[in-house]
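Let's go through this one together, asking how each label is earned. Have the sequence and the model open beside you.

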Amino acid sequence: MAIKQNLYDPNPNPFDKNKIEKESGEKDNSSDKQKLRNPGMQAKNYDPKMDIQQYTVSDPKRSADPNPRIKINYEGDSFRATKGPRNYPLRNLAKGEKRARVLFVTMDQYDQLPNFTSGPAYLAAVLENNDYYVEIFHGTCYHLGPKDLESFLLERETFDYIGIGYLSNYIHDCIEHCKAIRSASPKSKIILGGNGFTPLPGFYLAKTGADYGISGEAENSMLNLLNALSCGEDIHDLPSISYRDGDEIFVSKKREPVPDIKTIPWPAYHLYPLEKYIQYQNTGYHKGRNFFVILSSRGCPYVCNFCYRLETGHRHRPFDDFLGEMQLLNDKYNVDDFGFSDELFMTSKSHVRQFCEKMIKAMDQGDIPRVSWATTGRFNIVDKEIAEIMAAAGCRQILYGLESGDTSALERMNKKTSEQMIRDGVKYTQQAGMDVSLPCMFGNIGETEESIKKTVKILLDCKPDEYRLLRPVTPYPGSPLYEYALKNGLLKDHEDFFQLSRNPDLMTVNFTEMSNEQFYNALYKANEELITAYHLEMIEQEKQVFKTMYFKDDDSSFVPHTQGIRGG
């Protein structure tokens, strides 16, 4: 595949719409074409078929199906049949010697409070256990960008491999980081991965100019790749691996996840300034808690049409292994409030019941102090008993994917929920003393102005304990909704999505029958109503806190305010 490089751009502005590298002699039709924000690597002969190998749509009627099923190809019959790490003839190392130097780059997420992503930390732990030197570039917590990465690399001994994982929204940032690596450390091999890379490995290798890519969970695959390269072994048959050979890009047809997640070591927390990620939350006068995220499971058994996940299937960690990691974080870092960053914790009533019974027993026996936690749930599973046992086990908040208040829209999304389930689930959760978080969206297939009104009404009626607004739905690559958009001409190709997906608060594809102007008018009115209602509610809550403190001598819910001039 011939490609034209654009790595050494003297003005790498990802939002400069006028920088389009043209073929010599090409007619300027820029007035008729969509202008590229960040062309990255321009693939002359990129063949989308190479990425179809990553997933197939088995439903022959998918053109009429708003929710086609995605099937991922594994080495065996399912993800549980994958082989795991391979044996390679690795040479013996001298004392203190390492097989290679590896850097993981975490990119700035532009959040006021940095969000810890566990992927690089798990990979670092696996590689350290297998004699690789690993370092982290902390772009996330220190808000560092490509220029900082350049300076960092110029000051360090050359890394053999540099890994970057990203979500789809960050592909343009990833391109700029790849440019920085090529400029400051041209001998380093770039390895991409994560949710953003996985569904379109060939396309993104072409766009970024990276050398290798890993689709799906990478703990086995990255170790196989680096060990094979260390031995000079052929990598063409390695599942999950995509790679560049000159101007050609090759994409593996198979995937290799981690079937038994209890074999994975705990994240390499010692490589991180963890205090930068632990969030102190003030909960009252001279009261607070230290919050940090942790994984209790991987995967999700549902197939909502807007969602993309790394692998099929669902795996829980053994409770004792999970509890041990909680104990470590509590003992060493004083974490006493945990956020379970699982795709879905509440997979069944039996799992929730067993987990909570074990958590209550562990706290009663003193195996772990009384901790609180927040997690993810589902309205088709929660009931009064489940909510009460979760609260008894220390759960303080459940995030439910509300998505829409319109039952017919939920059916088209394949959510397996309804308006009544939502109302009942919120009631059970709040009655048990827990907060609810209700992320939602607008613009899925067939949604109307009435749909968004129903969503607003259910949010106002349920009064979630958060500032919650509506976003347009985004058809992320690999999701059934993305396939629907391509099949029905709503997206021309992968390049079309690459250029359009610049901001999750803006529409990428209009799946409704409304015009774009009607769509944004409906969205604006909905968010205007939610903004107003939220601030009125906060005014009343603030007044009530002071009334209770002044006239009932109860300051338990009072949080001291920083008085003075607010920052911008």
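Q: What is the sign of phi at Gly209, the residue that follows H6?
A: Gly209 comes right after H6, and its phi is positive, near 75°. This is a predicted model, where local features need pLDDT of at least 70, side-chain atom pairs count only at pLDDT 80 or more, and totals for chains, interfaces and linings use all residues. Residues are numbered from 1 along each chain as its sequence is written, and side-chain values use heavy atoms, with hydrogens and water left out.

Q: What makes helix H6 mostly covered?
A: Buried means under 20% relative accessible area, exposed over 50%, and partly exposed in between (1.4 Å probe, protein chains only). In H6 (residues 201-208), 8 of its 8 residues are buried, among them Phe203, Tyr204 and Lys207.

Q: Why is H2 called oblique to H7?
A: The axes of H2 (residues 118-128) and H7 (residues 219-231) come within 10 Å and cross at roughly 45°. That makes H2 oblique to H7, because angles under 35 degrees count as roughly parallel, over 145 as roughly antiparallel, 65 to 115 as roughly perpendicular and the rest as oblique.

Q: Which residues of H2 and H7 meet?
A: From H2 come Tyr122, Leu123, Val126 and Leu127, and from H7 Glu219, Met222, Leu223 and Leu226. They divide into 7 nonpolar, no polar and 1 charged.

Q: What is the mean pLDDT of the protein?
A: On this confidence scale from 0 to 100, the mean is 87, and 86% of residues reach 70 or more. Over residues 1-38, though, pLDDT is below 50. Where pLDDT is low, the predicted coordinates should not be read in detail.

Methods. pLDDT = per-residue confidence, 0-100. Contact = heavy atoms within 4.5 Å. Helix = DSSP H or I, 4+ residues; strand = E, 2+ residues; numbered from the N terminus. Axes fitted to C-alpha atoms, helices over the stretch in contact; angles between N-to-C directions. Nonpolar A, V, L, I, M, F, W, Y, C, P; charged D, E, K, R; others polar.
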